[in-house]
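Visitor: I've got a model open and I'd like a quick tour. Can you pull it up so we can talk it through?

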Amino acid sequence: MIDIKNITKSFGSLQVLKGIDLHIDKGEVVSIVGPSGAGKSTLLQIIGTLDSPDSGEIMIDGVDVRRLNQKKLSDFRNRNIGFVFQFHQLLPEFTALENIMIPAFIAGMSKSEAKKRGMELLDFMGLADRAKHKPNELSGGEKQRVAVARALVNNPAVVLADEPSGSLDSKNKAELHQLFFDLRDKTGQTFIIVTHDEQLASITDRTIKMRDGMLEKETEPKASQDAETDAETEMPASQNSGTEVRTDAETGSESGK
Ligand SMILES: Nc1ncnc2c1ncn2[C@@H]1O[C@H](COP(=O)(O)OP(=O)(O)O)[C@@H](O)[C@H]1O
Ligand SMILES: [Mg+2]
């Protein structure tokens, strides 16, 4: 599904990606973890064709995306790649349903079709009764699920998420994570999730560790490791991840709902 060979990227004199090789199969849910500044978001932006590497190859679903011109590339991105960010980035003046419909319009879907698809997704997310609410009338978890629905409206082959649960409390976080796996099982979509959340990383098919612009090592099937990891972990995952300072403003604003 995704084949990356020897990707490099510099910002000025700072080399952020130092030769990344990565293969991800269709239907895999892969997590990317690593310290802040490791280059995770840059790699995700490049996989998502929002940024281009200085050198290297990127094949997505058999398409050599570096060869596409701007017009073809934005079309490719709109149809094949869905993005979920840490903060939902919904447009405040539009309802949940309208936010979901916008990428569908861009892809040329008719209004009635986009509406039908949007409602299907809201239904799947358990949010059918929130369709007409604007983002500021939704809780943090609801907003993030609407953002996931928006990412899925064009049925992309690949969903890229950059710290998608970073602004959620533990219950909403667990629900969002479960949603990714439900979607993969239902649609066969490929998920690449940058996360600081150890619990999420521990349940993905594969965890890729990134440090200083390089991929460190990969851990393979989790099932056999879970028991050991649990026994060794001194601190619950929730204490060293997820409850980050920057999320306070957002969660604070939800607390009255
Ligand atoms: N557009 C940019 N211009 C200059 N430096 C950048 C830019 N984007 C990222 N960087 C730098 O690249 C490094 C990696 O950033 P990033 O990919 O966001 O890391 P991570 O997501 O792992 O925290 C950081 O040192 C960051 O400051
Ligand atoms: Mg980042």
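Visitor: Is H1 largely enclosed by the rest of the structure or exposed, and why?
Guide: Keep in mind that this is a predicted model. A residue counts as buried with 20 or more other C-beta atoms within 10 Å of its own. Lys40, Thr42, Leu43, Leu44, Ile46 and Ile47 are the buried residues of H1. That makes six of the eight residues in H1, so the helix is largely enclosed.

Visitor: Which helix gives the most to the shell around ligand 1?
Guide: The residues around ligand 1 include Phe11, Val16 and Gly34, along with Lys40, Ser41 and Thr42. By class, the shell splits into three nonpolar, six polar and one charged. With three residues, the top contributor is the helix spanning residues 40-47, H1.

Visitor: Which helix has the largest share of the largest nonpolar core?
Guide: That core holds 55 residues, and Ile100, Ala149, Leu160 and Ile192 have the most contacts inside it. Six residues of the core come from the helix with the largest share, residues 140-152, which is H5.

Visitor: What does Leu160 touch, leaving out residues up to four places away in sequence?
Guide: Two of its partners, Leu44 and Ile47, are among the buried residues of H1. The full set for Leu160 is Leu44, Ile47, Gly48, Ile81, Phe83 and Ile192.

Visitor: How many other C-beta atoms lie within 10 Å of Lys116?
Guide: Lys116 sits in helix H4, residues 111-124. Its C-alpha is 9.3 Å from that of Met101, with the two positions 15 residues apart in sequence numbering. Lys116 is partly exposed, and its count of other C-beta atoms within 10 Å is 14.

Methods:
Residues numbered from 1 in each chain as written. Chains lettered and ligands numbered in written order. Predicted model: local features only at pLDDT ≥ 70, side-chain atom pairs only at ≥ 80, totals over all residues. Near = placed C-beta within 6 Å. Helix = DSSP H or I, 4+ residues; strand = E, 2+ residues; numbered from the N terminus. Nonpolar A, V, L, I, M, F, W, Y, C, P; charged D, E, K, R; others polar. Buried ≥ 20, exposed ≤ 12 C-beta atoms within 10 Å, placed from the backbone. Core = buried A, V, L, I, M, F, W, Y, C linked by C-beta atoms within 7 Å. Contact = placed C-beta atoms within 7 Å.
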